[in-house]
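Me: Please take a close look at a single part of this model, one pair of strands and what surrounds it. I would like one connected account, with the cut-offs behind each term.

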Amino acid sequence: MTAPEGRADRSERSHYVRTPAPWVAGCSDIGLKHLTNQDALSLAARTEPERVAVIVIADGVSTALGAEVASVAASEAACAHLTETFKTDAALNIALVQAFSVANDAVFAAARGGEPSACTLVAAVVQPHQIAVGSVGDSRAYWIGDDQSCQLLTTDDSMAQARIMLGMSRAEAETSSQAHSLTKWLGRDSTDVTPSVTMLSPTGNGWLLVCSDGLWNYASSPGEIYEVFASILTEDASPAAIVEALVEWAKLQGGRDNITAAVARHETH
């Protein structure tokens, strides 16, 4: 497996693309309203003896100073830990839980003498017969099948999600007061950094999409995400072209937040 990609100089964090393998890519962009990019992206991949990818996206909590530092520290630490687990026989669900603990420690270590900052984190491991996703916060992962199916693989740790679980419609909850207030995060004042973990065994070919809320804010439901994805997917579109197009689409919708998206092509045959 190649070394994790993700360390972006501050001069290039306004927009960068990572492609550790031809079948996986990610793009992060500052958007149109923010002065800094508080999202961070780390990827790693190998092709032999089988295709395996690690995708990690962190979104700095904008109300916390140093959020852009926290997100880089968390994403790099989680990606490095998950990459190392492929040298062992560690179970994916256990590896993900450990990765989030390591990422949380990295956020505190990156405080540089001041108060530690905070961020959300979503991490995915793509293997030939299984996809594992862990999340804390409100960044997301979607499975988009070639059969036109789309499945949300993560559950937000947010006030909006809490209201959905109490019976409010998704559309109403996600536009309600304090909808984006987090109930779990990494870093300062966090009390629980154990991720929600989902294991998926796809029966057909498709794409894993991992993204920050700068993208899904404009297309939250699986149906909406599928329509956006299908609208930019062409027969010969590369993963790099797909993530660039997703970021550009979000900017055309207003680009109110930092935008990060990563995709991996999964084929069962």
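Reply: Strand 6 and strand 10 are joined by 5 bridges and run antiparallel; strands count as paired if DSSP finds at least two bridges between them. Strand 6 comprises residues 131-136 and strand 10 residues 196-200, where strands are DSSP runs of E with at least two residues and helices are runs of H or I with at least four, both numbered from the N terminus. Within this pairing, Ile131 has Leu200 of strand 10 as its bridge partner. The model is predicted, so local features need pLDDT of at least 70 and side-chain atom pairs count only at pLDDT 80 or more, while totals for chains, interfaces and linings use all residues. Residues are numbered from 1 along each chain as its sequence is written, and side-chain values use heavy atoms, with hydrogens and water left out.

Strand 6 also pairs with strand 5 (residues 118-126), in the antiparallel sense and through 6 bridges. These two strands form a hairpin with 4 residues between them, and Gly134 of strand 6 lies opposite Ala123. In general, strands of a sheet pair through backbone hydrogen bonds, either parallel or antiparallel.

As to cover, 6 of the 6 residues of strand 6 are buried, buried meaning under 20% relative accessible area, exposed over 50% and partly exposed in between, with a 1.4 Å probe and protein chains only. On one face these are Ile131, Val133 and Ser135, and on the other Ala132, Gly134 and Val136.

Ala132 and Val136 belong to a core of 26 residues, which also includes Leu121 and Leu186. A nonpolar core is a set of buried Ala, Val, Leu, Ile, Met, Phe, Trp, Tyr and Cys residues joined through side-chain atoms within 4.5 Å.

In strand 10, Val197 is partly exposed because its relative accessibility is 31%. Val197 joins Val97 and Met199 in a nonpolar surface patch, whose accessible area is about 200 Å² together. Such patches consist of residues with over 30% relative accessible area and no salt bridge, nonpolar side chains (Val, Leu, Ile, Met, Phe, Trp, Tyr) being joined within 5 Å and like charges within 9 Å. A salt bridge is a side-chain nitrogen of Lys or Arg within 4 Å of a carboxyl oxygen of Asp or Glu. Accessible areas come from the Shrake-Rupley method with a 1.4 Å probe, and for residues only the protein chains shown count as cover.
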